[in-house]
Amino acid sequence: MKVNVKWGKEVFSDVDLDTTQPPMVFKSQLFTLSGVPPDRQKVLIKGGQLKDDEWGKQQPKDGMTIMMMGSADEIKVEAPTNAPKFVEDLPGVPQLLPSDIA
């Protein structure tokens, strides 16, 4: 079956959902779409919150909209360990001025 998933201001349309598989498979699909890891997802289907191991009372229907809450992992940006060195920054290197070139 196909469902729509709303996450914040984004809507993912026609997401495949197989209720014969555990809900964690569906949460993994949502992770690839949104970047929100399954352990940080709250998936709300009419009737309650989806658990990781069983569908329980939450039986999604074809074409319904499911709401997901959670924040995506932040991309860690690290400063380079080997910063580039410029000739101007090296000690003991004479600097050429424009008047020296002529």
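This report looks at the sheet, a helix and the salt bridges of one predicted model.

**The sheet**

Start with the strands. Five of them form an open sheet, and the pairing is mixed. The order across the sheet is β2-β1-β5-β3-β4. Strands β2 and β4 sit at the edges, as each pairs on one side only. Inside the sheet, β1 and β5 run parallel. Four bridges join these two strands. Take one residue as an example: Lys6 has Met67 as its bridge partner in β5.

Now add the helix. Helix α1 packs on the sheet. The helix touches β1, β2, β3 and β5. Its direction makes about 135° with that of β2.

**The salt bridges**

How many salt bridges does a search of the whole structure find? The count is two. The table lists both pairs.

| Pair | Closest N to O distance | 
|---|---|
| Asp16 and Lys2 | 2.8 Å |
| Lys27 and Asp52 | 2.6 Å |

First, the pair within the sheet strands. The side chains of Asp16 and Lys2 meet in a salt bridge. Asp16 lies in strand β2 (residues 10-16) and Lys2 in strand β1 (residues 2-7), so this pair ties together parts that are 14 residues apart in sequence. Are these two residues buried or exposed? Asp16 counts as partly exposed, at 42% relative accessibility. Lys2 counts as partly exposed too, at 36%.

Next, the pair that involves the helix. Lys27 forms a salt bridge with Asp52. Lys27 belongs to helix α1 (residues 23-34), while Asp52 is in the loop between β4 (48-49) and β5 (65-69), so the bridge ties together parts that are 25 residues apart in sequence. Lys27 has a relative accessible area of 3%. Buried means under 20%, so a residue below that value counts as buried. Lys27 is therefore buried. Its partner Asp52 is partly exposed, at 36% relative accessibility.

**A glycine in an edge strand**

Finally, look at Gly48. This residue is found in strand β4, which is one of the edge strands. Gly48 is partly exposed, with a relative accessible area of 26%. Which residues is Gly48 in contact with, leaving aside its neighbours within four places in sequence? They are Val43 and Gln58. Gln58 is ten residues away from Gly48 along the chain. The C-alpha atoms of Gly48 and Gln58 are separated by 6.6 Å.

Note on methods: Residues are numbered from 1 along each chain as its sequence is written. This is a predicted model: local features need pLDDT of at least 70, side-chain atom pairs count only at pLDDT 80 or more; totals for chains, interfaces and linings use all residues. Side-chain values use heavy atoms; hydrogens and water are left out. A salt bridge is a side-chain nitrogen of Lys or Arg within 4 Å of a carboxyl oxygen of Asp or Glu. Buried means under 20% relative accessible area, exposed over 50%, partly exposed in between (1.4 Å probe, protein chains only). Contact means heavy atoms within 4.5 Å. Two strands pair if DSSP finds at least two bridges between them. Axes are lines fitted to C-alpha atoms, for helices over the stretch in contact, and angles run from 0 to 180 degrees between N-to-C directions.
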